[in-house]
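The exercises below are meant to be worked with the sequence and the structure side by side. Try each task before reading its solution.

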Amino acid sequence: MKINRFMIAAPKSGSGKTMITCALLQLLKDSGKNVLSYKCGPDYIDPMFHKKVLGVPSKNLDTFFTDEKTTVQLFLDKKADGDFAVLEGVMGLYDGLGGIYEQGSSYHLAKVTQTPIILVVDAKGMGKSVLALIAGFLQYDTQHLIKGVLLNRMSKGYYDIIKPLIEKELSVKVVGYFPEQKDIGLSSRHLGLVMPDELSDIKKQLNETADRLKKTIDMDLFIDIAEEADEIGDSENADVYNEKNIGNCDQNEFSQNKAINTVNIAVAMDEAFCFYYEDNLRMLEKCGAQLQYFSPLHDTSLPDDCDAMLLGGGYPELYAKELSKNVSMLNAIKKAFRAGMPTVAECGGFMYLHTYIRNICDDTEEQNKADVQNKADIQNDMNKSKLVGALDGGCHFKGKLVRFGYIELAEKHSNFLPPNEKIKAHEFHYYDSTDNGADCIATKPATGRSYDCVISHDNYWLGFPHLYYPSNPHFAESLVRKAYEYRRNKNGKLL
């Protein structure tokens, strides 16, 4: 299967990958290319920029979450949406699992998908030393995938001097440069970039970036590199959602007649809850579910006739006051949960189910013991926002990363997964719960360290880890089956 493609990668985070990727996507789209994009790793926010701001189909690919064959299938699954693909790397090119393994790295994804790499080098403050940096990355490139270099934050004058040296001494193409841009840039917060909906002039910024980049790069060279990419996979094995890969979803009783036995899953989707892997949602649909999106911020009730709830991650802490004022929605979710509606809640969704959220940092509280007013505020719960209350206790801001990185999860008692099976996930949160649960064992794949987490029972799975369903499709199948059983019991008969 032929698809023109390249990956934008870098020696380290903060090199300008996202800004350059967004600008290139805009330029390719403006040139008439039917372009799509992929984000390497578990990042949720970069794909939002691609989809919401640029209107480019985008999703995640991760070689820790899925094996090489499945990763290729997931890559090819969107082939029908475009004929030109841009992959955005994560962290440094060779930074994978635990920071030292190839698995999960941008380079591993490029190798698995046979994708040419364009290395974005932040050259500010560097002279000829930039050659040594590039040479080191080329030497580590055992598959000879690095086909081009883009020099970020470099002046035209010095670019004209250094470009011929790089191409002569290192035999790699220099595709252009980008001067330092002091008037445009993407803001960040602790989970990554500020989300696109929060930036009023983001489209204008990205259009301006694209216009400037167009003047300093050789766009034809980018396209030539993409067109030189080898064919990959074949059309017969391009569907990761076929019944062999997804288990028995297509053969389940509840999916035999979808027109009659529709299962509805209410999915929280708004400014506060928007962290979802596209392939998770697609897998639920393939298992027979109809997704009904709703807003815990703005709606007053759950969607009509829903049979399960999916409360994804996001930034509920930024909207805690607004969420707490929507009493009708809080009560509706609590009532549904208490009635046994199957529920999966991850990270922000997990926090939302607690009795309260407190945004003041515990460390700051300790440092200000002598501050009488601060102590009074805490005693009066002025720093707490009341939430759903389906779970006792609350969530507190810790002022630092609590848990971070890839994990594998195994249930102590089989509820959503078959016995002795695991599902892969990722954690990244600055809040902690008064009760993180102890129904699963999380294992860090790089170190083997393990710990208890997740509150899980027959009809719910609640915790901080963000799950990736394609790493074990039985999880999606279980959620849909539980939704079907809930619907059957609720109505007393099949609808």
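**Exercise 1. Describe the protein chain as a whole, beginning with what percentage of its residues is buried.**

Solution. Start with burial: of the 495 residues in the protein chain, 57% are buried. Next, turn to the surface, where the chain exposes about 20700 Å², of which carbon and sulfur atoms supply 47%. Then list the secondary structure, which comprises 16 helices and 26 strands. Finally, consider the contacts between residues at least 6 apart in sequence, of which 79% join residues at least 24 apart.

**Exercise 2. Determine how helices α5 and α6 pack, and which residues make the contact.**

Solution. Locate the two helices first: α5 covers residues 129-140 and α6 covers residues 156-170. Two packed helices are described by the angle between their axes and the distance between the axes. Here the angle is about 35 degrees and the axes lie 11 Å apart, while the crossing is right-handed. On the α5 side the contact is made by V130, L131, I134, A135 and L138, and on the α6 side by I162, L165, I166, E169 and L170. Sorting these residues by character gives nine nonpolar, no polar and one charged.

**Exercise 3. Decide where this predicted model calls for caution, given its pLDDT values.**

Solution. Begin with the average, which is 88 for the protein chain, with 84% of the residues scoring at least 70. Then look for weak stretches: pLDDT stays under 50 over residues 189-193, for which the model has 24 contacts beyond four places in sequence, and also under 50 over residues 250-260, with 22 such contacts. Where pLDDT is low, the predicted coordinates should not be read in detail.

Notes:
Residues numbered from 1 in each chain as written. Predicted model: local features only at pLDDT ≥ 70, side-chain atom pairs only at ≥ 80, totals over all residues. Heavy atoms only, no water. Axes fitted to C-alpha atoms, helices over the stretch in contact; angles between N-to-C directions. Helix = DSSP H or I, 4+ residues; strand = E, 2+ residues; numbered from the N terminus. Left-handed = near helix turned anticlockwise from the far one by under 90°. Contact = heavy atoms within 4.5 Å. Nonpolar A, V, L, I, M, F, W, Y, C, P; charged D, E, K, R; others polar. pLDDT = per-residue confidence, 0-100. Buried < 20%, exposed > 50% of the residue type's maximum accessible area, 1.4 Å probe, protein only. Areas by Shrake-Rupley, 256 points an atom, 1.4 Å probe, with all protein chains shown as cover.
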